[in-house]
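Biologist: I would like some help with reading a model like this one. Could you take me through the features, beginning with the general idea each time?

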Amino acid sequence: TMDMPPMGRIEEGRVIEGVFDGQQMVGADGKTYTIAPNYASKSKLVEGDMLKLTVTPRGSFIYKQVGPIERSRVIGSLGFDQTTEEYYVTSETRRWNVIKASVTYFKGEAGDEAVILIPKDAPSKWAAVENILKRNVV
């Protein structure tokens, strides 16, 4: 006989733990899992944050931040790369990529000042946008 779950029984969702890499979650299983840019922006996820992903029986993904990494706040200048059509923030000699959804949420434009969150004790390629200060238009 085949092992079939009894009718009407809802299978428990799978839970995968992982690390946010700036754009998506890299699971403990080595696979990458897509995170909606709006969620990553709204939650101000920072590269290195520990996440828990629950895949529901219906196949929807529910993320929960379980271990936020220590953050530093940096003020930099918002830039836009015409080639990749991606935004970035520079401060002194450093540069971070930022999620486009975060920039558009704050209606940011190249030349604006951006307040970003980065991992305190680790180098990172990505930053979370905390706020954008509009350039004074004269």
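Modeller: We will go from the overall fold to the cores, and then to single residues.
This is a predicted model, so local features need pLDDT of at least 70, side-chain atom pairs count only at pLDDT 80 or more, and totals for chains, interfaces and linings use all residues. Residues are numbered from 1 along each chain as its sequence is written, and side-chain values use heavy atoms, with hydrogens and water left out.

Biologist: How many helices and strands does the chain have?

Modeller: Helices (H or I, at least four residues) and strands (E, at least two) are DSSP runs, numbered from the N terminus. Here there are two helices and ten strands, in the order β-β-β-α-β-β-β-β-β-α-β-β along the sequence.

Biologist: Which residues of the largest nonpolar core touch the most other members?

Modeller: In soluble globular proteins, nonpolar side chains tend to be buried together. A nonpolar core is a set of buried Ala, Val, Leu, Ile, Met, Phe, Trp, Tyr and Cys residues joined through side-chain atoms within 4.5 Å. Buried means under 20% relative accessible area, exposed over 50%, and partly exposed in between (1.4 Å probe, protein chains only). The largest core has 14 residues, and Phe20, Met25, Ile35, Leu51, Leu53 and Tyr63 touch the most other members. Strand 1 and strand 4 (50–55) each supply at least two residues of this core, and strand 4 gives the largest share, three residues. Apart from this core lies another one of 13 residues, including Trp96 and Ile116.

Biologist: Is Ser102 buried or exposed?

Modeller: Ser102 is buried, because its relative accessible area is 5%. Ser102 sits in helix 2 (residues 100–105). Contact means heavy atoms within 4.5 Å; setting aside residues up to four places away in sequence, Ser102 touches Ser41 and Val129.

Biologist: And what does Thr34 in strand 3 touch?

Modeller: Thr34, in strand 3 (residues 32–34), counts as exposed because its relative accessibility is 59%. Beyond its neighbours within four places in sequence, Thr34 is in contact with Gln24, Phe61 and Tyr63. Gln23 is eleven residues from Thr34 in sequence, and their C-alpha atoms are 7.7 Å apart.

Biologist: How much of the chain is buried overall?

Modeller: Of its 138 residues, 34% count as buried. As for contacts with a separation of 6 or more, 52% join residues 24 or more positions apart.
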